[in-house]
Amino acid sequence: MSPAAPRTWRSPALPVGPRVPVWAPTAKRVELHLPGNERTDDRLVDMVPAPDGWWTAPFDLEPGTDYAFRVDGSPDRPDPRSALQPHGVHGPSRTVDPSAWQWTDQDWTGKDLLGSVIYELHVGTFTPEGTLDGAISRLGHLAGLGVDIVELMPLAAFPGRAGWGYDGVGLWAVHEAYGGPEALMRFVDAAHRAGIGVCLDVVYNHLGPSGNYLSVFGPYFTPAHHTPWGEAVNYDHDGSHQVRAFVIDSALRWLRDFHIDALRLDAIHEIKDDAGAADPPQAHVLAELSDAVAALSDELDRPLSLVAEADLNDVGVITPTDQEPPAATPSLGMTAQWADDVHHALHVRITGEAQAYYADFAEPGAWTKAYGGAFLHNGTWSTFRDRVWGAPVPEDTDPRRFVVFGSNHDQIGNRAVGDRPSAGLDDAALAATAALVLLSPYTPMLFMGEEWGTRTPFQFFTDHEEEDLARSVSQGRAREFASFGWDADEIPDPQDAGTVEASRLDWSELDKTDHARMLAWYQALTALRRELAWSRRTAWPQIDEADDVVTVTYEDIVVVTNLSGRPRPVPRLSEVLLSWDPVGSAPSCLPPGQTLIARR
């Protein structure tokens, strides 16, 4: 089938406004509950039916008004498109007028994500305050580090105070414990003043188990598909046109109303959409989203990006929607996609770990193949999946369309005790990892604290109020890792407040000599990227390894790291630009554990 022409997004939804429209297509009655306070009486009024299953309030609601819906006599339920949940995900919603915010970033022209240095952080543990305002205080640190774009782990409202955010249920709201929507506006405004773009992590493949009331309103989920979290979000069955609007309108709102520069989409392989097989065929929801974002980018006259986490190993994810897909995945039009294979290959090569899904990456030649071509599994057998996986990367693919990292929230937090590579590696190995990520041909991403070699873990934590759910999460975590030989007592309890505190960055580490040296190394690498205009380069390098010496060769630059335990000869170099330890201007031999960057 030929690709469809580019589409202009026209939401079938009513605009969000002072009459709080809500979609409830099968409801016979929807009531608006306005809880009373010291100034007003409690009120319950009927919503007015509107076309296509929508209901609207009979009058405007002022900003700052608390409200909830009752659908055919249900208990109070929050607005699916709520911007603010001041009393948590189970309580009433509150109206917000984002147009009232006085922005100061009028001169911001945006930031191209391709080739940028991205910095992933979790707001709740990034600073002692655990808030967006607290994170503002560290923007100077990020600017000094050379960060181009800061990526915020999910902010959508989720149960309790503490969590990673991937169990969000208020997909239009900003988590109250982080400061709510105005705090996000303050953060984005301040980041832009510091010259830093903002990427927001969003989750459109599932909702969390607690506070998810969407099914009260309409067919937001379908039993036709299943995901690791249960029934799939309904993107391709009856009512899916409004579910698509719910998601796409949400994405556009972050970019338009909150001045966000990019969205990172969680696990898109779990977004189930077979609409392309319908008669007539319909674009995949992510292709529809890509076109809508492209149109908004043109309207705003600044770059807007979409980054996909995809366990597909298929460049159809990043193929423009008006082009034929090169493999099985439809052309989805994403700006970039995470390349987990590069992480796995690098992790195995540096640490020597080879368990579970790392096993294939320990095979001879796996490291150079993955690092040099983005995918190890590109139509080859995956022992972890027990099947052939992936598709080749065409030679003309821009390598910057792959986001790579030495660590991220998943690769640390989903370990039994949330230990970072720094817990088991010496500083020379960490320095090598940094050079191989930041001077790779890809778009590099750092995870908070790695720039100074922190040993603080990043553990999995939740804050569920329901006793059964809390117990299930705690026991499930212990059971999962017990199967790998861990003692249950060694596994941090996700529900324990101490687990959150153990994961909070310790900024006082920067006062220590070894951490300060590591930070200076990262700063030097990002400065070298700028000096060499690295973000604009699109050439793939040659990757070689002999006698445990890794050599990454570009037309004019070579990166060399000695992973052996003894001195090794290195290629003839014209000028050393940067090295972890002093090695002279043109060494013929590299000491063990050392890394350098030089001109050829």
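User: Contact means that heavy atoms lie within 4.5 Å. Which residues does A24 touch, not counting residues up to four places away in sequence?

Analyst: This is a predicted model, in which local features need pLDDT of at least 70, side-chain atom pairs count only at pLDDT 80 or more, and totals for chains, interfaces and linings use all residues. Residues are numbered from 1 along each chain as its sequence is written, and side-chain values use heavy atoms, with hydrogens and water left out. A24 is found in the loop between β1 (22-23) and β2 (30-34), where helices (H or I, at least four residues) and strands (E, at least two) are DSSP runs numbered from the N terminus. Not counting residues up to four places away in sequence, the residues touched by A24 are V30, G53, W55 and F217.

User: Is A24 buried or exposed?

Analyst: Buried means under 20% relative accessible area, exposed over 50%, and partly exposed in between (1.4 Å probe, protein chains only). The relative accessible area of A24 is 1%, so the residue counts as buried.

User: Which residues have the most contacts inside the largest nonpolar core?

Analyst: A nonpolar core is a set of buried Ala, Val, Leu, Ile, Met, Phe, Trp, Tyr and Cys residues joined through side-chain atoms within 4.5 Å. The largest such core has 155 residues, and those with the most contacts inside it are L152 and W521.

User: How far apart are the end C-alpha atoms of helix α6?

Analyst: Helix α6 (residues 240-257) is mostly covered, as 15 of its 18 residues are buried. The expected span is 1.5 Å times one less than the number of residues. For α6 this gives 26 Å, which agrees with the distance between its end C-alpha atoms, 25 Å.

User: Which residues does UniProt list for "active site"?

Analyst: UniProt positions follow the numbering used here, feature names are shortened, and annotations may be inferred rather than shown by experiment. The unreviewed entry also places "domain: Glycosyl hydrolase family 13 catalytic" at residues 95-477. For "active site", the unreviewed entry lists D266 and E309.

User: What is the largest C-alpha distance within that listed set?

Analyst: D266 lies in the loop between β15 (262-265) and α7 (285-300), while E309 lies in the loop between β16 (305-308) and β17 (336-338). The relative accessible area is 8% for D266 and 10% for E309, so both count as buried. D266 touches E309, among other residues. Although spread over 44 residues of sequence, the listed residues cluster in space, with a largest C-alpha distance of 5.4 Å.

User: Which residues are joined with D201 into one network by salt bridges that share partners?

Analyst: A salt bridge is a side-chain nitrogen of Lys or Arg within 4 Å of a carboxyl oxygen of Asp or Glu. D201 and R264 form one at 3.0 Å, N to O, linking strand β12 (residues 197-202) to strand β15 across 63 residues. Both D201 and R264 are buried. Salt bridges that share partners join D201 into one network with R264, D266 and E309.

User: How many residues apart in sequence are the parts tied together by D133 and R186?

Analyst: D133 forms a salt bridge with R186, the closest N and O atoms being 2.9 Å apart. D133 lies in helix α2 (residues 132-136) and R186 in helix α4 (residues 180-193), so the pair ties together parts whose separation in sequence is 53 residues.
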